[in-house]
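Colleague: I am new to this structure and would like a close look at one part of it, the largest pocket. Please begin there, and then follow the elements around it outwards, step by step, so that I can find my way.

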Amino acid sequence: MEEKCNFCGRNKNDITFLISGINGHICNLCIEKTYSIIHQKFWVKNNHKTSENNSEFIKIKKPREIKSFLDKYIVEQNEAKKIISVAVYNHYKRIKKQNQNNTNIEIDKSNVLLIGKTGTGKTLLAKSISKLLKVPFAIADATSLTEAGYVGEDVESVLTRLLQSVDYNVNFAEKGIIFLDEIDKISRKNNNPSITRDVSGEGVQQALLKILEGAIVNVPPQSGRKHPDQKMIQINTNNILFIAGGTFDGIEKIISDRIEKTSIGFVQNQEKRKKYSEKNYLKNIIAEDLKKFGLIPEIIGRFPIVTYLDPLSKNTLKKILVEPENALIKQYQTLFNMDHISLNITDEALNIIVDKAFHLGLGARGLRTFCEKIFLDYMFDIENVQSTLNIDQDIVKQKLFYS
């Protein structure tokens, strides 16, 4: 007699696997369905108990307080920190005002778009905000998302990550922050409206509109594709703050073409034109530039606050290495100190690390890569390292150039 599931009656050949018990069997499909039901019961019960406690849990920080906190972790980028501090302050004031319901004036949600080169601190800005406010936080890579019906992840999966970060406490998640990384990678392939499917581009932008604006969204408990038998979780995105980041490679050319076109007749001699072109063009970005880059107007409208991060100079990179509370060198010193080893690194050694990261254009991420390469052997052979570890320029050159 062929084995079958005692719950749904499916035969063994019709399913992926069958688990046998003492007096019966259960298939993988019934296990998935049971898991979803248990999770649904859990988060409803958890949400009921904690919704009252979490409804007013956020202590709103003033913009200056927020920026002062960001200063501890992010070097320079003062304009971006100022803009995002005000945006976050107004966002959570908006939530508080909705809870009080003492006026008929509705305040629109202000999602934030951060533009800057790799390693300039876009993700760190968003993480630091959530750390200060103690709100749920999730990072989603926009490049992994596809339009519904295609291979990949539905846009709702970004909300699944937020739910998972707070153990499916819906009320808590609805006041969180989602960082959408590499949003520039879902731009249209050209500036003309798509007449064919653009699975990872314009289609994804269209799919994101609903959750960015604020709506009741059915979210699968686990990331990935929706399953027809899966129990969905409803989450209201109206109070979720979306911060998107991207490098937008090539947008400076779009901005410069626009500016130089409108400045013909005003910038006459070659000297003035050269000086004008050396400016950081991102300071002058407008919605038209984003549209030409490939973002659809509706997406641009969902991100009313647009700010930029300055490219990192050598001086800034060196500060990142040693100054912030979570500076890389401080992290390594703490790690070695846990093994009773005092780590010292010379100024000349730091300069070599900074020069290499700067020339490769890797930003702060490059600093981490090179530090790992320098300290790897010492950490691997930690029991044989002396009580004081001195790193000078010769050691750094050997590790980075000759190993």
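**The largest pocket and what lies beyond it**

Modeller: The largest pocket encloses about 620 Å³ of space, and since we start with a volume, please keep in mind that the model you are looking at is a predicted one. The pocket is lined by 25 residues, among which Gly119, Gly121, Leu124, Ala364 and Arg365 come closest to its centre. Three elements, α4 (122-133), α13 and α15, each give two or more residues to this lining, and of the elements it is α4 that gives the most, with four residues. In character the lining is mixed, with nine nonpolar residues, nine polar residues and seven charged ones.

From the pocket we can turn to the aromatic rings, since two of the helices just named will come up again there. The structure holds four aromatic pairs, and one of them is formed by Phe69 and Tyr73, whose ring centres are 5.1 Å apart and whose planes make an angle of 45 degrees, a tilted arrangement. The word tilted is used because 45 degrees falls between the limits of 30 degrees for stacked rings and 60 degrees for edge-to-face ones. Phe69 and Tyr73 are four residues apart in helix α2 (residues 63-73), so about one helical turn separates them. Phe69, with a relative accessibility of 15%, counts as buried, and Tyr73 is buried at a relative accessible area of 12%.

A second pair brings us back to the helices of the pocket lining: Tyr332 and Phe375 have ring centres 4.7 Å apart and planes at 35 degrees, so this pair is described as tilted. Because Tyr332 belongs to helix α13 (residues 328-337) and Phe375 to helix α15 (residues 363-380), the pair ties together parts of the chain that are 43 residues apart in sequence. Tyr332 and Phe375 are buried, and together with Phe336 they make up one aromatic cluster. A further ring to look for is that of Tyr378, over whose face Lys399 lies, at 5.1 Å from the ring centre.

If you now step back along the chain from α13, you reach Ala327, which sits in the loop between α12 (314-322) and α13. Ala327 is buried, with a relative accessible area of 1%, and its C-alpha atom is separated by 9.6 Å from that of Lys72, although the two residues are 255 apart along the chain.

Helix α2, where Phe69 and Tyr73 are found, deserves a second visit, since Ser68 is located in this helix. Ser68 has a relative accessibility of 42% and therefore counts as partly exposed, a value that lies between the 20% limit for buried residues and the 50% limit for exposed ones. The C-alpha atoms of Ser68 and Lys82 are 9.7 Å from each other, with 14 residues of separation along the chain. In the loop between α2 and α3 (78-100) you will find Glu76, whose phi is near 55 degrees, a positive value in a residue other than glycine. Glu76 is partly exposed, at 34% relative accessibility. Another positive phi, of about 55 degrees, belongs to Asp167, which is not a glycine; Asp167 is placed in the loop between α5 (157-165) and α6 (170-173) and, at 44% relative accessibility, is partly exposed.

The last stop is a pair of strands. Strand β10 (residues 342-345) and strand β11 (residues 388-391) run in the parallel sense and are joined over four bridges. Within this pairing, Ser342 has Thr388 of β11 as its bridge partner, while Leu343 stands opposite Leu389 in β11. To read the two strands, it helps to know that in a regular strand the side chains alternate between the two faces of the sheet. In β10, Leu343 and Ile345 make up the covered face, whereas Ser342 and Asn344 make up the uncovered one. In β11, Leu389 and Ile391 point to one face and are buried, whereas Thr388 and Asn390 point to the other face and are not buried. The bridge between Ser342 and Thr388 thus links a residue of the uncovered face of β10 with a residue of β11 that is not buried.

Methods. Residues are numbered from 1 along each chain as its sequence is written. This is a predicted model: local features need pLDDT of at least 70, side-chain atom pairs count only at pLDDT 80 or more; totals for chains, interfaces and linings use all residues. Side-chain values use heavy atoms; hydrogens and water are left out. Rings of Phe, Tyr and Trp (its six-membered ring) pair if their centres lie within 6.5 Å; planes under 30 degrees apart count as stacked, over 60 as edge-to-face and the rest as tilted. Buried means under 20% relative accessible area, exposed over 50%, partly exposed in between (1.4 Å probe, protein chains only). A charge sits over a ring if NZ of Lys or CZ of Arg is within 6 Å of the ring centre and within 35 degrees of the ring normal. Two strands pair if DSSP finds at least two bridges between them. On a 1 Å grid over the protein atoms alone, a cavity is a set of points where a 1.4 Å probe fits but cannot get out, and a pocket is an open set with protein on both sides within 12 Å along at least five of seven lines; lining residues have an atom within 4 Å of a point. Grid points are joined across faces, edges and corners, and a volume is the space filled by probe spheres set on the points. Ala, Val, Leu, Ile, Met, Phe, Trp, Tyr, Cys and Pro count as nonpolar, Asp, Glu, Lys and Arg as charged, and the others, Gly among them, as polar.
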